[in-house]
Structures are given as structure tokens and as C-alpha cells.
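This report introduces a protein structure to a reader who has not met it before. The sequence and the model are shown first, and the description comes after them.

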Amino acid sequence: EAMTMCELLKKIYDEVLVYEKDIVNRNKNVDKTVKEWLKPYQKILSDHDYNEFSEMIFSVVSMAEQTGFENGVRFAVKMLYSLLND
């Protein structure tokens, strides 16, 4: 069964890209920043609520990283196509 472009990009992101050294370092920096942003909520939420909130935020960050990758690849392909057809 053929994969859609979205499925292929997700597979590349999940199985290859996230293990690249520079990507790992960037993701660590993002995680560190998010943890700093979450600190004030740790003081005002119960442990259970804080953990749920934290998991939700990190899920959104992960989705945003993957979407950014997909958008970047699509843009690069469109730009390359445009350059080759000029």
C-alpha cells in the first residue's frame, strides 16, 4: 500500500530526523524553554493537573515541530520545482 506524502514525512520525521544530533540539541533547547514557562503553573496547580497540563503542552510542541518539518519540506520542494521550471 502506497503512503501518502503526509505519512511519508511523518515516518521520516519520527524515524530519522528526531535522532539527528543538531535536531536533538534544538529540541532539548525547546524543552528547556517550555519547562521554564511551565514553572509558575507548578506552584498553582495540583500535581495531577500540572502533569496533565505539562503533557498537553509538550504534545502541542511536538505537533508543532513535526508540522514545521512538513511545511519546510513542502516549501523546499515547491521552491526547487519552481527553480527547475524557470
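The text below describes the helices, their buried residues, the salt bridges and a surface patch.

## Basis of the description

The structure is a predicted model. Residue numbers start from 1 along each chain, following the sequence as written.

## Helix α2

Helix α2 covers residues 21-44 and has 24 residues. From its first C-alpha to its last, α2 reaches 36 Å, which is close to the 34 Å expected at 1.5 Å a residue. The helix has a kink of about 35° at L38. The proline P40 follows shortly after the position of this kink.

Four residues of α2 are listed as buried: I23, N27, V34 and L38. L38 is thus both the site of the kink and a buried residue of α2. The buried residues of this helix pack against α1, residues 5-15, and α3, residues 47-84.

N27 can be considered in more detail. This residue belongs to helix α2, and its relative accessible area is 18%. Because buried means under 20% relative accessible area, N27 counts as buried. Setting aside residues up to four places away in sequence, N27 touches Y13 and E65.

## Helix α3

Helix α3 has 38 residues, and at 1.5 Å a residue these should span 56 Å. The end C-alpha atoms of α3 are 55 Å apart, in agreement with that value.

The buried residues in α3 are Y50, S54, V61, Q66, F69 and E70. The cover over these buried residues includes α1 and α2.

E70 lies in helix α3 and is buried, at 11% relative accessibility. When neighbours within four places in sequence are left aside, E70 is in contact with C6, L9 and K10. E70 and L8 are 62 residues apart in sequence, while their C-alpha atoms are 9.8 Å apart in space.

G68 is also found in helix α3. This glycine is partly exposed, with a relative accessible area of 41%. G68 and T4 are separated by 64 residues in sequence and by 18 Å in space, C-alpha to C-alpha.

## Salt bridges

Side chains of opposite charge can pair when their charged atoms come close. The count of salt bridges in this model comes to two. The table gives the two pairs with the distance between their closest N and O atoms.

| Pair | Closest N and O atoms |
|---|---|
| K10 and D14 | 2.7 Å |
| K39 and E36 | 3.1 Å |

K10 and D14 both lie in helix α1, four residues apart, which is about one turn of the helix. K39 and E36 both lie in helix α2, three residues apart, again about one turn of the helix. An α-helix has 3.6 residues a turn, so residues three or four places apart point the same way.

The residues of both pairs are partly exposed. K10 has 39% relative accessibility, and D14 has a relative accessible area of 31%. For K39 the relative accessible area is 43%, and for E36 the value is 42%. K10 also takes part in a contact with the buried residue E70 of α3.

## The loop between α1 and α2

Y19 lies in the loop between α1 and α2. At 63% relative accessibility, Y19 counts as exposed, because the class of exposed residues begins over 50% relative accessible area. Apart from neighbours within four places in sequence, Y19 is in contact with D14 and V24. D14 is the partner of K10 in one of the salt bridges.

## A nonpolar patch on the surface

M3, M5, L8, I12 and V16 form a nonpolar patch on the surface. Together, these residues have about 430 Å² of accessible area. One of them, M3, is placed in the segment before α1. M3 counts as partly exposed, with 43% relative accessibility. L8, another member of the patch, is the residue whose C-alpha is 9.8 Å from that of E70.

## Summary

The buried residues of α2 pack against α1 and α3, and the cover of the buried residues of α3 includes α1 and α2. One salt bridge joins K10 and D14, and the other pairs K39 with E36. On the surface, five residues including M3 and V16 make up the nonpolar patch.

Terms used:
Predicted model: local features only at pLDDT ≥ 70, side-chain atom pairs only at ≥ 80, totals over all residues. Heavy atoms only, no water. Helix = DSSP H or I, 4+ residues; strand = E, 2+ residues; numbered from the N terminus. Expected span 1.5 Å × (residues − 1). Bend = angle between axes of the 7 residues up to and from the residue. Buried < 20%, exposed > 50% of the residue type's maximum accessible area, 1.4 Å probe, protein only. Contact = heavy atoms within 4.5 Å. Patch = residues over 30% accessible without salt bridge, like charges linked within 9 Å, V, L, I, M, F, W, Y side chains within 5 Å. Areas by Shrake-Rupley, 256 points an atom, 1.4 Å probe, with all protein chains shown as cover. Salt bridge = Lys/Arg side-chain N within 4 Å of Asp/Glu carboxyl O.
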